[in-house]
Amino acid sequence: MSKRLFDLFFALIGLIISGFLLLILYILASIDTKQNGIFSQKRIGQFGTPFTIYKIRTFGRSSEKPISKLGAFLRNSKLDELPQLWNIIIGNMSFVGPRPDITGYYDSLQGENRKILELKPGLTSLASIKYANEEYLLEKQENPLEYNDTIIFPDKVKM
């Protein structure tokens, strides 16, 4: 209960303080991507329950140039994650916990590894700090999906 109050209090303060910035980023992302500036996606939450996560959109429609300079800046600075304060307010996420993943990862875990699903997903975790440059690591790999599935993801689960 005290963790929930902490999350709620600081997420509300964060939204109040960053509200104007969030509006500006939304408008810039909408112009930059020529789409709604908010990206939403189904992720796996606590107890394996799917929920919708919100981010500032960083990818355009074109497959030739999927991420712009603005999108790269937003991702590198983690400003694209500001809308997740709303996820914290509505109770889908916490400030600290395992990063929520797409279907097919956490929900596919077996045995003791499924204990990660008992935790509320978070905005940050030890794994997100360790793998802050995950996109860079993956782009250097010959087979990024295999590297993620065999090296990075199992390490995140252990953490």
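The largest cavity in this predicted model has a volume of about 50 Å³. The structure holds 1 cavity of 30 Å³ or more. Its lining can be listed residue by residue. Ile44, Gly45 and Gln46 contribute to the lining of the largest cavity. Pro98, Arg99 and Pro100 also line the cavity. Tyr106, Ile116, Leu117, Leu119 and Pro121 complete the list.

Aromatic contacts were examined next. A pair of aromatic rings is described by the distance of the centres and the angle of the planes. The structure holds 5 aromatic pairs. One of them joins Phe9 and Phe10. The centres of these two rings lie 5.0 Å apart, and the planes meet at 85°. The arrangement of Phe9 and Phe10 is therefore edge-to-face, because planes over 60 degrees apart count as such.

Another pair is formed by Tyr105 and Phe153. The distance here is 5.0 Å centre to centre, with 65° between the planes. This pair, too, is edge-to-face. Tyr105 lies in the loop between strand 3 (94–96) and strand 4 (122–124). Phe153 belongs to helix 6 (residues 144–158). The two rings sit in parts that are 48 residues apart in sequence, so the pair ties those parts together. Both Tyr105 and Phe153 are buried.

Aromatic residues also group beyond single pairs. Phe6, Phe9, Phe10 and Phe95 form one aromatic cluster. Phe6 is located in helix 1 (residues 2–33). The relative accessible area of Phe6 is 44%. Phe6 is partly exposed, because this class lies between the 20% limit for buried and the 50% limit for exposed. Phe10 has a relative accessible area of 39%, so Phe10 is partly exposed.

Phe6, Phe9 and Phe10 appear again at the surface. They help to make a nonpolar surface patch of about 730 Å². Leu12, Ile13, Ile16 and Ile17 are the other members of the patch.

Phe10 can also be placed relative to Ile89. Along the sequence, Ile89 and Phe10 are 79 residues apart. In space, the C-alpha to C-alpha distance between them is 9.1 Å. Ile89 lies in helix 3 (residues 84–89). The relative accessible area of Ile89 is 14%. Ile89 is therefore buried, because buried means under 20%. Phe10, by contrast, is partly exposed at 39%.

Technical notes:
Residues are numbered from 1 along each chain as its sequence is written. This is a predicted model: local features need pLDDT of at least 70, side-chain atom pairs count only at pLDDT 80 or more; totals for chains, interfaces and linings use all residues. Side-chain values use heavy atoms; hydrogens and water are left out. Patches are made of residues with over 30% relative accessible area and no salt bridge: like charges are joined within 9 Å, nonpolar side chains (Val, Leu, Ile, Met, Phe, Trp, Tyr) within 5 Å. Accessible areas come from the Shrake-Rupley method with a 1.4 Å probe; for residues, only the protein chains shown count as cover. A salt bridge is a side-chain nitrogen of Lys or Arg within 4 Å of a carboxyl oxygen of Asp or Glu. Helices (H or I, at least four residues) and strands (E, at least two) are DSSP runs, numbered from the N terminus. Buried means under 20% relative accessible area, exposed over 50%, partly exposed in between (1.4 Å probe, protein chains only). Rings of Phe, Tyr and Trp (its six-membered ring) pair if their centres lie within 6.5 Å; planes under 30 degrees apart count as stacked, over 60 as edge-to-face and the rest as tilted. On a 1 Å grid over the protein atoms alone, a cavity is a set of points where a 1.4 Å probe fits but cannot get out, and a pocket is an open set with protein on both sides within 12 Å along at least five of seven lines; lining residues have an atom within 4 Å of a point. Grid points are joined across faces, edges and corners, and a volume is the space filled by probe spheres set on the points.
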